[in-house]
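Can you walk me through this structure, step by step? I'd like to get a feel for how its pieces sit against each other.

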Amino acid sequence: IPLNINIPSVELPVAKTIVLGFSQLGSESAWRAANTNSIKAAALEAGITLIMKNAQQSQQNQVEAIRSFIESKVDVIAIAPVVQTGWDDILEEAKQAGIPVIILDRAVNVKDHSLYVTCIGSDFFEEGVKAAKYMLDKMRNYSGRIKIAELQGTIGSTPSIDRGRGFRKMIKGQNTFDITLTQSADFTMAGGYKVMREFLSLPNDKWPKVLFSHNDDMAIGAVKAIEEAGLKPGTDIIIISVDGTRRAFEQMIAGNINAVVECNPLLGPLLMQATQEIMSGRTLPKRMVPPEDIFPQELAAMEVGNRTY
Ligand code: AHR
């Protein structure tokens, strides 16, 4: 017998999917590829709709991407800024539109810190300090003046500025250590190869004893240039790099790189967590730094299997 029960219809609220607009600065390095993949995977896992735009190293492209996110009324905007300065106006536009902004990986230099909610990324200054500490220890029994070559990253970017500052702070007052060659190779392998070739085309009394490379890609490019010049990387020129990619670990095992300072690109889960917390009205710390280490070549063989990027 059919029961004639009148069930009142209840309007259940439909959970709205969070939309995150993310301006990625480019695809210059293995670190960047790992960072992009981590963000895509974490968004999928968290059920967040991700609209990602690759700015191909152009701040102007980033500004346009952010403006398009504002126009399409995304819930949260995240930016991995290619350089430190020049963000005040576009962040003010986001603020006026009521869209919270998360700064990821690199930092921004703005007058008004309320223009962004939080900055998630590495302590690049500390990375420079760690690189220099390793060098000072490694070279402690070396007598005579030690010429250092530096491969900088993108000019005006936080990692390049701060790694350089941290490194210099540690060698200040150490008069046997001298940065005699320094040039940007834009965080790319091709750039590292090209600039190192230029350094080694100088008369050999100008050749460095140490290379401090602001990332692994440039260091790997430099290894090739050093080999082509008939020198043994890691022995004739001590090489210290930053990032901790699997390829750099393989180069350490081969004896070509002496130490790598870790810089963690796997920021996707933290970014998604921060996005969800902002949407639920929670307050976040202004700065979030992932834990990071330094790996000398002696640990590379043991550690290489654990590298996920
Ligand atoms: O901002 C992080 C840096 O950018 C990484 O060290 C480098 O590999 C990347 O290009």
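Let's start with a spot where two helices touch: on helix H2 the residues involved are Val63, Ile66, Arg67 and Ile70, and they meet Ile90, Glu93 and Ala94 of helix H3. Sorted by class, that contact has 5 nonpolar residues, 2 charged ones and no polar ones. By the way, keep in mind that you're looking at a predicted model. H2 covers residues 59-71 and H3 covers residues 88-96, and they pack at an angle of about 5° with their axes 10 Å apart. Angles under 35 degrees count as roughly parallel, so that's the label H2 and H3 get.

Now for another pair of helices. H6 (residues 189-200) and H7 (residues 216-228) have axes that come within 7 Å and cross at roughly 40°. That makes H6 and H7 oblique to each other, and their crossing is right-handed. Who's doing the touching? From H6 the contact takes in Met189, Ala190, Gly191, Gly192, Tyr193, Met196, Arg197 and Leu200, while H7 brings residues including Asp217, Met218, Ala219, Ile220 and Gly221. By class, the H6 and H7 contact has 11 nonpolar, 3 polar and 3 charged residues.

Next, find the sheet. It's an open one with 6 strands, and if you walk across it you meet them in the order S7-S6-S8-S9-S10-S12, with mixed pairing. At the edges are S7 (177-184) and S12 (294-296), each of which pairs on one side only. On average, neighbouring strands in this sheet are turned by 15° against each other, if you ignore direction. Zoom in on S12 and its partner S10 (residues 259-262): these two pair in the antiparallel sense over 3 bridges. In one of the matches, valine 260 has phenylalanine 295 of S12 as its bridge partner. There's a helix to spot here too: H4 (residues 124-138) lies across S8, S9, S10 and S12, and runs at about 160° to S9.

Last stop, the ligand. Which residues surround it? They are Glu28, Ser29, Trp31, Arg32, Asp105, Arg106, Pro159, Phe187, Asn215, Val242, Asp243 and Cys263. Two elements give two or more residues to this shell, namely helix H1 (30-46) and strand S9 (238-243). You've already met S9 in the sheet order. By class, the shell around the ligand has 5 nonpolar, 2 polar and 5 charged residues.

Conventions
Residues numbered from 1 in each chain as written. Predicted model: local features only at pLDDT ≥ 70, side-chain atom pairs only at ≥ 80, totals over all residues. Axes fitted to C-alpha atoms, helices over the stretch in contact; angles between N-to-C directions. Helix = DSSP H or I, 4+ residues; strand = E, 2+ residues; numbered from the N terminus. Parallel < 35°, antiparallel > 145°, perpendicular 65-115°, else oblique. Left-handed = near helix turned anticlockwise from the far one by under 90°. Contact = placed C-beta atoms within 7 Å. Nonpolar A, V, L, I, M, F, W, Y, C, P; charged D, E, K, R; others polar. Near = placed C-beta within 6 Å. Pairing = 2+ DSSP bridges.
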